[in-house]
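Here is a short set of exercises to work through with the model open beside you. Try each task yourself before reading the solution below it.

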Amino acid sequence: MPAAKTIWKKLIWTWKPESEFEAGDSIVKNLLLHWFPSKVTFESLSFRYSLWLGTGSAVLFAILTLTGIVLMFLYVPSVERAYASVKDIEYAVAFGWFLRGLHRIGAHLMVFVVFVHMIRVFLTGGYKNGVAAGQNRPLNWIIGVVLLLSTLLLSFTGYLLPWDQLAYWAITVGTNIALAAPMVGEQTRFLLLGGNTIAQGALIRFYVLHCFVLPTVVLMLFAWHMWRIRKDGGLACVDQVALQQKREKTQPVKSKTYSLLGIAGTRTVHVETALVDEDRYATNSSPYLTRRLLVAILATAVLAALFAIGIEAPLEEPANPAVTSNPAKAPWYFLWLQELVADTTLRFGGFTLNGALVGGIIVPGILAGLLLMWPYLDRSPVSATGVWFGPERLRQNLVFLFIILLIVILTIVGTFMRGPYWVLYWPWETWVQLPRLF
Amino acid sequence: MKSQNSDMGLAYLMGFVLLVVTGWVYWDYYRPEWKEYQSEFRSMIAERFGEERAQQIPLGLQQIWVPELNRVDRCVTCHLGVEWEGMEEAPNPFRAHPSGILEKHTLIQYGCTVCHGGQGFATDAESAHATSSELHWEDPLLYKEIGQSLQVNDPTALLEIKCNICHRYDAYTEGAEYINLAKEIVSQRRCQLCHKINGQGALIGPDLTYAGDLSPEHYDYTNVPGKEAVFNWHLVHFRNPKDVSPQSVMPNFNFGPRETQALAMLVMSWKRANMPASYIPPPNLTPPAPPADPATEPAAQ
Amino acid sequence: MKTTNPPSPEPGHLPHASQVQGPSRRTFLDRLGLGALLAAIGGQATMMLRALVPDVLYEPPRRFKIGAPDQFPQGATFLESERLFIFREQQTFHAISAVCTHLGCTVKMIQLNPPQQVEIRGETVQEKQEFHCPCHGSKYYGEGTPYAGPAPERLAWYHMELAADDGQIVVNLTEPVNQDFRLTV
């Protein structure tokens, strides 16, 4: 044992290990660090592979939880008082505008980051299994898709809470699209709203879903998502590293470090080395993973804070069922669907094709179904796992990107180019002014 | 020896940026607009009335909460001279409120916005006065700025619209000159021959009992020049009904600018008053003897 | 973000920052950076907690105007919603709380006709009224000192002054005073 430690050293040695022994030991001696493998590949650590988007999503979720808790002390979920409580947060609560702004922009950022994370995982074939036995990355992909849907639902339920015109009519549009679902549409809407209209029942249901139910679901799925990564041997790029190692023949080296890949490959310690844990390919999680995590956390926090200061959180007139917003728009992440709904309402002779069914149920249903099923439909070889634009997956990547592009274009049109009366405005045209009282 | 990776350096850089951002937010909290007004007012009072009286001026956010009206008004954070005797000539926001009306409508019982309009929640002048449509507040402060954008005869009289929301059953309300004029015209011209007013009248024209509650999108502005505003619509309509709706059978009464403003104000004041019965005054049905003033007599029909 | 990958550590020993470059400058920057980081995090955390300390209260104010001095008759006036007794003797005023110091009920004022002689703290005083609490039977002399029942303390007296702006009497419930206090107008 080294010489007697100072108090400071005793507290922080797991974060600043000073020997190989301490680095490995810290993972099993620290509650937060036991989350991580003791060694992590350079490829996994790199920014260029994963863009650290998964971490970004998690950090945003943490920011949303913290700001959300503070806001829960200040916001009142009753139709008579909700709007006034949000006004008070904006004007009369110390730093209220900033916390609300951070919460709102964090929410939008999280939807965006989770979406881009999904794109990254698809493009790198991260949903595919690799060389080790017992992997189940397709399962983790499904967990991820459910996390994406939960994120969208979290944002949607939160959108209603200010109880202003923006909130009221966005949720009207959203829940009416759900109405178009065959057989279950009406019942779903009825249960979601706690009635037929958007009133106190809807507000309190959305509030409980938003503050308790959905965050719990996300937390549990997140834990499972992380656990699956450990069980799968790490990020998909690790399998690439393992494949590369198989091509190189190395001297047998005695090592006490076991890797899942080594054991799962039914090799003894002496035949091939600790494989991926070799110094060439990996390093200690403490402190190198932790440091990079710190950078990712701070970068996300700084980005969110700057956005929150630069972009004001909107609050329109108090919700008024008698006066419809013009235009009445769903939240931006559903605007591609609303645009589809508007564009797929077609009339042939006496027959009308219900756009809400096509754009609101069928198209997203098919896309979600394909998304969930794709890992099982994918026939590409293992060499395409954990690589950006692996040549064997070129075609599916291109089709995927094309669909994403369509979604992005529809979202841009719906957000920036649809003005009052859903008229199409080019970016240089000014929107018509709506009449006022004075 | 390969240099250490620059992660910690990057982390410290981010930490520094976050510190600057946090610092900015703190600075913004500790230097709001109203603090300047409060210190200016303090020095003003200290100069005129002495340091001791200046010490009594409350600092920080002030609000008047009127639970019966479900309103909270923070106007008095900047409008500190509202009840100060001697500040009647001071520049706004320090000017004292005319005392006569304040005695009948105390600050504690009424607040400010129920009469003046504006956004009581707000703590900066622009948001509180809520003149701009960007603010999404449909109840702007009824004063010069709004009046000038509407090109009315007398912008400062717009305030009377709100008087009439409670005082609508008065034949005559002291201090509401334009509203009184409008009510006189309504009874002289017998608008109830075609319109329902206060629940009584014919149905040849629309029911005007709650005309002030009608949403702006229900009006047709094609023949209304300038701002698309309900008030403007009424001004043009009273000037000559057929200018706005060519098929209208409403006669042209040749109202002058004073009458059109008065009538537009009256119609916009006909709203559902959502307040407790104790706030609705008993109607004053006795008008004073009207002064014979040929200048305001409209042309004989 | 382009960063170099962490170096391969030699078994048993990780390099210290101080061994890589000039020791004092590097550690000074490290300390500065760490300080900035901790200050930033501390600032954010403080913001979140500070937001929970209300800046405005939806409550009746604790310091309020009760009217012009001439509005008050000689003798006692009971302000029901403020739970205060205002006493006027010629041009002097004082305010006594009507909140019983036992468990907070509103005490009743009992007029003593004819006035009685009582001894309070060694002095003999003529009392015109006293206070009785209906809840548990506490009784107080006219200046608030309890003499019967469970009340542990005298009724509170509060500071009064004239408002600087319009001359109304202002009572300040955040500033209790002793029984010698009088406001003379």
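The exercises below go from whole-chain features to single residues.

This is a predicted model, in which local features need pLDDT of at least 70 and side-chain atom pairs count only at pLDDT 80 or more, while totals for chains, interfaces and linings use all residues. Residues are numbered from 1 along each chain as its sequence is written, chains are lettered from A and ligands numbered from 1 in the order in which they are written, and side-chain values use heavy atoms, with hydrogens and water left out.

**Exercise 1. Describe chain A as a whole, and find where its coordinates call for care.**

Step 1: start with confidence. pLDDT is the predictor's confidence in each residue, from 0 to 100. Chain A averages 91, and 92% of its residues score at least 70. Residues 267–274 of chain A, however, fall below 50, although this stretch has 17 contacts in the model beyond near neighbours in sequence; a contact means heavy atoms within 4.5 Å. Where pLDDT is low, the predicted coordinates should not be read in detail.

Step 2: count the elements. Chain A holds 17 helices and four strands. These are DSSP runs numbered from the N terminus, with helices (H or I) of at least four residues and strands (E) of at least two.

Step 3: turn to extent and packing. The C-alpha trace of chain A spans about 80 × 60 × 45 Å along its principal axes. Of its 438 residues, 53% are buried; buried means under 20% relative accessible area, exposed over 50%, and partly exposed in between (1.4 Å probe, protein chains only). Among contacts in chain A between residues at least 6 apart in sequence, 72% join residues at least 24 apart.

**Exercise 2. Search for aromatic pairs and classify two of them.**

Step 1: set the rule. Rings of Phe, Tyr and Trp (its six-membered ring) pair if their centres lie within 6.5 Å; planes under 30 degrees apart count as stacked, over 60 as edge-to-face and the rest as tilted.

Step 2: apply it. The whole structure yields 38 aromatic pairs over all chains. One of them, F253(B) with F255(B), is stacked, at 5.3 Å centre to centre and 25° between the planes. Both F253(B) and F255(B) are buried.

Step 3: compare with a pair in chain C. The planes of F87(C) and F131(C) stand at 80°, with ring centres 6.4 Å apart, so this pair is edge-to-face. F87(C) lies in strand β3 (residues 84–89) and F131(C) in strand β6 (residues 123–132) of chain C, so to speak distant parts of the chain, 44 residues apart. F87(C) and F131(C) are buried.**Exercise 3. Find the charged groups that sit over aromatic rings.**

Step 1: use the cut-offs. A charge sits over a ring if NZ of Lys or CZ of Arg is within 6 Å of the ring centre and within 35 degrees of the ring normal.

Step 2: look at chains A and B. R393(A) lies over the face of F122(A), 5.2 Å from the ring centre. In chain B, the charged end of R272(B) sits over the ring of Y210(B), 4.0 Å from its centre.

**Exercise 4. Place V177(C) in its sheet.**

Step 1: locate the residue. V177(C) belongs to strand β10 (residues 169–177) of chain C. Is V177(C) buried or exposed? With a relative accessible area of 15%, V177(C) is buried.

Step 2: list its neighbours. Leaving out residues up to four places away in sequence, V177(C) touches R154(C), W157(C), Y158(C) and H159(C).

Step 3: trace the strands. Two strands pair if DSSP finds at least two bridges between them. β9(C) and β10(C) pair in the antiparallel sense over six bridges, and Y158(C) stands opposite P176(C) in β10(C). Strand β4 (residues 92–97) of chain C runs antiparallel to strand β9 (residues 157–162), joined by two bridges, with I96(C) opposite W157(C).

Step 4: check the turn. The hairpin of β9(C) and β10(C) has six residues between the strands, and G167(C) there takes a positive phi near 75°.

**Exercise 5. Pick out unusual backbone geometry.**

Step 1: look for cis peptide bonds. One joins S286(A) and P287(A), with omega about 15°, and P287(A) is found in helix α14 (residues 285–310) of chain A. Another runs from N113(C) to P114(C), with omega near 5°; P114(C) is in strand β5 (residues 108–120) of chain C.

Step 2: look for positive phi outside glycine. N198(B) has a phi of about 55° and lies in the loop between β3 (196–197) and β4 (200–201) of chain B. At 34% relative accessibility, N198(B) counts as partly exposed.
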